[in-house]
Amino acid sequence: MPEPTPTSTPECSAVPTPAPAPESSAVPTPTSTPESSAVPEAVPTRESEAGTVVAAPAPGGGRLRRSVLGPLTAVVVLAAAAGGWYASGGGSPAGAAVDGTGEAVAPVARSLRLPWPDEGQASVAVEGIGSLGTRGEQKPVPIASLTKVMTAYVILEGHPMRAGAPGAAVVADQRAADESYSSVETTAPVLAGRTYTQRRLLELMMVPSGNNIARLLARWDAGQERAFVAKMNRAAAGLGMRATTYTGVSGMEASTRSTSDDQLRLARAAMKDPVFRQIVATASVTAPGTGATFRNTNRLLGHDGVIGLKTGSSTPAGGNLAWAATQRIAGTTRLVVGVVLHQRAGTTPAEGSAAAHEVGRALITTIRADLPDALTRAGGSGRR
């Protein structure tokens, strides 16, 4: 009997490609290639906690405006991180602007005119330089599939892997297989009883945003999803994410809420792990045994120095995007990290996703164009 065709939602635009992506683990390569008839886009059906299922992202997005540094609330100064391309930076400079937590905002931010979104929240920082500002009231809002950044973070904390290694062996249970095909949430197909590598499952969770894979990994790690959620909240507390509450592992629950500043803290911490960086930079992934290949939901990946990170969209959450990009500044490669939340909330997931991508792209391109000159004007480091 032929495998059922996976359906796609705005968070998981599954696009079969002519040949499977290269295996990054010990999972056998499928011998079959996806059928020439592309995986069908889901038509509008009904709302769930994941939002309205729609056919394709709508064009356009939120209105942008260029302004001098916005309200500097709960801003983060980036610490030195592991990995050669993370530039180290000093402490908070004397006399620098500080937020409510006492952390410094990079002086260079004052000379940048960033295209902050008119709605929702946004936070941006540059490794080794500091925060470039925050826009929007930092009140907890639904974050949809950005939740999976913490799911991956906790999995990798509990089951660390070497870069390029397959990691532990995980057997897919019947529940994960039964949840592989859905019209109301994003999923990735797995076969009950089949052994998958930890890395491949992390890819299937992060690249096409497979909710069933997030739940499978949580059960594998903690026995029960509820126990894994408790781990997520402990990890959030340990990172200083004081405005964040996780109630599920996938983002389906609108009760999982956070702020752009808190998600920026998490993105910084997660990007210190070389395996996490490799996974979120993966352009496409094949589900072994099914012949289905999925492209990364992050449409900015591979453009303007973007090397990750994660998308999330639903009707209550709107469009959400955490992104990471590299930029060479004065001979040093810096990591630029940003988070955009709650774009076009209350509309369709497709419209929210398009708006979040538009805002993210505008911020990235402006920073890449203007930051080097702004640092030169500020005296080189932006930390005076």
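Aromatic pairs come first, and in this predicted model the count is zero. That tally takes in rings of Phe, Tyr and Trp whose centres lie within 6.5 Å. An aromatic ring does turn up in another kind of contact, though: the charged end of R194 sits over the ring of Y196, 5.8 Å from the ring centre.

Turning to the strands, β2, β1, β11, β10 and β9 line up in that order as an open sheet of five, and the pairing is antiparallel. The edges belong to β2 (130-135) and β9 (306-314); each has a single partner strand, so one side of each is left without a neighbour in the sheet. On average, and with direction ignored, neighbouring strands here are turned by 10° against each other.

At the β9 edge, the partner is β10, which spans residues 318-329, and the two pair in the antiparallel sense over eight bridges. Within this pairing, S313 of β9 (306-314) stands opposite G319 in β10.

Further along the chain, the loop between β11 (332-343) and α8 (349-378) holds G346. With a relative accessible area of 57%, G346 counts as exposed, because the cut-off for that label is over 50%. G346 also has a neighbour in space from elsewhere in the sequence: its C-alpha atom and that of P316 are separated by 5.4 Å, although the two residues are 30 positions apart along the chain.

Key:
Residues numbered from 1 in each chain as written. Predicted model: local features only at pLDDT ≥ 70, side-chain atom pairs only at ≥ 80, totals over all residues. Heavy atoms only, no water. Phe/Tyr/Trp six-rings, centres within 6.5 Å; stacked < 30°, edge-to-face > 60°. Lys NZ or Arg CZ within 6 Å of the ring centre and 35° of its normal. Helix = DSSP H or I, 4+ residues; strand = E, 2+ residues; numbered from the N terminus. Buried < 20%, exposed > 50% of the residue type's maximum accessible area, 1.4 Å probe, protein only. Pairing = 2+ DSSP bridges. Axes fitted to C-alpha atoms, helices over the stretch in contact; angles between N-to-C directions.
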